[in-house]
Structures are given as structure tokens and as C-alpha cells.
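Here is a short briefing on one protein model. Please look over the sequence and the 3D view before reading on.

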Amino acid sequence: MASQNISFTWIGFGGFYIKTSTGKEILIDPWVKNNPVCPEFVRNIEKVDFIFFTHAHRDHAEDAVWLAQKTGAVILAGWELAFILQKRGVQNVVAINRRN
């Protein structure tokens with residue numbers, strides 16, 4: 001049976017930092033730089049495996065390009081935001097909810 005040690009840290013508004021039992025690090029809607037309640041360890045984060053964006057509002061995605069470039073994380077975002085991030089040079093983007 002797998003360990004159930006998963007930690008969740010609220011980083012402000014709709015954002016969370018998650019560390020899984022296998023050591024994967026995930027950010028959800030990470031507004032980091034100008035967020036007064038974001039924990040310092042997240043502001044200085046160097047490694048993230050995945051970043052998930054629920055939508056592109058400023059308090060969710062303002063730091064998307066900076067975080068992606070700093071950490072090399074795989075980004076999962078709606079196809080409109082994914083397209084914008086790719087145009088801004090983000091490499092590891094997976095578009096979700098795209099209609100064919």
C-alpha cells in the first residue's frame with residue numbers, strides 16, 4: 001500500500017502547493033511574486049514538477065512564464081492560456097479542454 005503522506009499548503013487566493021508521497025511537487029494557480037500571503041519557500045521555489053492553471057486571471061497565472069522558466073515544470077492549462085504561454089516561450093505546455 002502506498003504512503004498517504006501528501007501535504008497541501010495554501011499559497012493565497014485559489015493557489016496551493018502540493019507535495020505528494022512520492023516527492024512530486026505541484027502548484028495550482030500559483031500567484032507568487034506579488035502575493036502578500038504566499039509563503040517564502042514558495043516564492044523561492046526552485047523545483048516544481050507540474051503547474052496547473054484553472055484559468056488565466058492575474059491572481060492565478062501572473063507568474064506562469066517566470067515559474068515555468070525557473071523550474072522547468074510541465075504546465076497544464078486551458079488551451080487559450082496554453083497557446084499564450086507557448087507564444088511567450090514556455091516549452092512544456094499541455095493544453096487541456098481543447099475541442100477539435
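What follows covers the sheet, the helices packed on it and the aromatic pairs.

This is a predicted model. Six strands make up an open sheet with mixed pairing. Helix 3 packs on that sheet. Across the whole structure, a search finds three aromatic pairs.

**Sheet**
- The strand order is 1-2-3-4-5-6.
- Strand 1 (7-12) and strand 6 (93-96) are the edge strands, and each pairs on one side only.
- On average, neighbouring strands of the sheet are turned by 20° against each other, direction ignored.
- Strand 2 (residues 15-19) and strand 3 (residues 25-28) run antiparallel, joined by four bridges.
- Within this pairing, Phe-16 stands opposite Ile-28 in strand 3.

**Helices on the sheet**
- Helix 3 (residues 64-71) touches strand 3, strand 4 (50-52) and strand 5 (74-78).
- The direction of helix 3 makes about 170° with that of strand 4.
- Helix 4 (residues 79-87) lies across strand 5 and strand 6. Helix 4 runs at about 135° to strand 5.

**Aromatic pairs**
- The search of the whole structure gives three aromatic pairs.
- One of them joins Phe-13 and Trp-31, with ring centres 5.1 Å apart. The planes of these rings stand at 55°, so the pair counts as tilted.
- Phe-13 sits in the loop between strand 1 and strand 2, and Trp-31 in the loop between strand 3 and helix 1 (40-43), so the pair ties together parts 18 residues apart in sequence.
- Trp-31 counts as buried because its relative accessibility is 7%, and the cut-off for buried is under 20%.

Definitions and conventions:
Residues are numbered from 1 along each chain as its sequence is written. This is a predicted model: local features need pLDDT of at least 70, side-chain atom pairs count only at pLDDT 80 or more; totals for chains, interfaces and linings use all residues. Side-chain values use heavy atoms; hydrogens and water are left out. Two strands pair if DSSP finds at least two bridges between them. Helices (H or I, at least four residues) and strands (E, at least two) are DSSP runs, numbered from the N terminus. Axes are lines fitted to C-alpha atoms, for helices over the stretch in contact, and angles run from 0 to 180 degrees between N-to-C directions. Contact means heavy atoms within 4.5 Å. Rings of Phe, Tyr and Trp (its six-membered ring) pair if their centres lie within 6.5 Å; planes under 30 degrees apart count as stacked, over 60 as edge-to-face and the rest as tilted. Buried means under 20% relative accessible area, exposed over 50%, partly exposed in between (1.4 Å probe, protein chains only).
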